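Please read the report below alongside the sequence and the coordinates. It goes from the overall fold to the ligand shell, then to one strand and a few backbone details.

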Amino acid sequence: MKLTFNNEYPAKIDYTEALNQLLIKELDVLLLSKWIETAEIDSLMYEIDNGLDKIEKGKVIIPDGYFYPYPYSVVQGVKKEAEIMLLKYFTSAITVNNDFIAKGIGNVSNWYQTKLEKLLKVKLINLKTEYGLEFAKTNLRILETTKNGIDIHCENAFLHQLTPAFSEWLKLKVDLENALSVFSVIQKPDKGGELFLYDLEWENFKYKLNDSTYEERHTIDGQFFSSRGIKDPERKSIELNNGDTVIFRAAQIWHAINKIEGDKDRITLGCFIALGYDKNLYYWS
Ligand SMILES: O=C(O)CCC(=O)C(=O)O
């Protein structure tokens, strides 16, 4: 596989066509430089610095930072545990979908959706359960400086950990195994935090994340792969600046975020997009 890029914004390309190419695997990565404007970043950062620190509920602490609200990947376990996680997920989704407001931008999730719809010239539909519960529309990822970024993964490598009824529902609704990730850099760290893309897809390397150690998954040169018989897969490092946005085939392509150094945390905002079996395009986080 060759990693294909399209890395200009604004570019003289048809973004609807680029999205289609991503969905049919003719394109792997679309890079939009400075797609989020400085004023928009300032609004978001003001809200993050002054509001988010005080939010206790709806944040999920991970070893290297925190996510707000709960990402769908927290819905794990069975019976009582699954019920609790579903309740936590959908409750924090309501908070972020309705109450995450930034001055100048308004409702952050709606602003991001509208911006994506304008760019891609498509309608994006927020996933809802059959009982009308809304999935979280966007997710903020705060990765703390001096920590290890995000481990080597592809989204398909943790689906088996989800509560079975939840993942089965998702799999019937959308082409989950080919979902795309969209994320925008709101605060670039001083050093590190690059996106690493490995030249390896889930289709050809199906290893479950919870069968590996934290250390293996955080060794960026790919110990995770070499100890499973794949010698040094080629990898691309993408340095991202404030406002830069990436749309890529995250469910399939193994990837990671490099460790972070300096004074600043790395902050991104993102969501997932997948084609529904009813031909609509759905998004969630
Ligand atoms: O940097 C981010 O916000 C997340 C990158 C990532 O690991 C993903 O999109 O799956």
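How many helices and strands does the chain have? The chain has 7 helices and 18 strands, where helices (H or I, at least four residues) and strands (E, at least two) are DSSP runs numbered from the N terminus. This is a predicted model, in which local features need pLDDT of at least 70 and side-chain atom pairs count only at pLDDT 80 or more, while totals for chains, interfaces and linings use all residues. Residues are numbered from 1 along each chain as its sequence is written.

**Overall dimensions and packing**

The C-alpha trace of the chain spans about 50 × 45 × 40 Å along its principal axes. The radius of gyration of the chain is 18 Å, which agrees with the value near 19 Å that a compact globule of 285 residues would have; the radius is taken over C-alpha atoms, and the globule rule is 2.2 Å times the number of residues to the power 0.38. Of the 285 residues, 39% count as buried, a term that requires 20 or more other C-beta atoms within 10 Å of a residue's own, whereas 12 or fewer make a residue exposed and values in between make it partly exposed, with C-beta atoms placed from the backbone. Contacts are counted when the C-beta atoms of two residues, placed from the backbone, lie within 7 Å. Among contacts between residues at least 6 apart in sequence, 81% join residues at least 24 apart.

The largest nonpolar core has 72 residues, of which L180, F272, I273 and W284 touch the most other members; such a core is a set of buried Ala, Val, Leu, Ile, Met, Phe, Trp, Tyr and Cys residues joined through C-beta atoms within 7 Å. Leaving aside neighbours within four places in sequence, W284 is in contact with Y72, N126, L127, F135, A136, C271 and F272.

**The ligand shell**

Which residues surround the ligand? They are R141, I150, S181, F183, A250, H255, I257, T268 and G270, a residue being near a molecule if its C-beta atom, placed from the backbone, lies within 6 Å of it. This shell divides into 4 nonpolar, 4 polar and 1 charged residues, where Ala, Val, Leu, Ile, Met, Phe, Trp, Tyr, Cys and Pro count as nonpolar, Asp, Glu, Lys and Arg as charged, and the others, Gly among them, as polar. Strands β10 (180–187), β15 (253–257) and β17 (266–275) each supply at least two residues of the shell.

**Strand β8 and its partners**

Strand β8 covers residues 139–143, and 5 of its 5 residues are buried. In a regular strand the side chains alternate between the two faces of the sheet. In β8, N139, R141 and L143 point one way and L140 and I142 the other way. The pairings below require at least two DSSP bridges between two strands.

| Strands | Sense | Bridges | One residue pair |
|---|---|---|---|
| β3 (60–62) and β4 | antiparallel | 3 bridges | I61 and Y66 |
| β4 (65–68) and β8 | antiparallel | 4 bridges | Y68 and L140 |
| β8 and β17 | antiparallel | 5 bridges | L143 and R266 |

A hairpin through 2 residues joins β3 to β4. The ligand-shell residue R141 is the bridge partner in β8 of F67.

**Backbone details and a partly exposed site**

Most residues other than glycine have a negative phi, and most peptide bonds are trans. Y68 and P69, however, are joined by a cis peptide bond with omega about 0°, and P69 lies in the loop between β4 and α3 (79–99). K79, in helix α3, has a positive phi of about 50° although it is not a glycine, and K79 is exposed because 8 other C-beta atoms lie within 10 Å. T146, in the loop between β8 and β9 (150–153), has a positive phi near 70° and counts as partly exposed because it has 13 C-beta neighbours inside 10 Å.

Is E261 in strand β16 (residues 260–261) buried or partly exposed? With 14 C-beta neighbours inside 10 Å, E261 counts as partly exposed. Not counting residues up to four places away in sequence, E261 touches T145, T146, P189, D190, K191 and G192.
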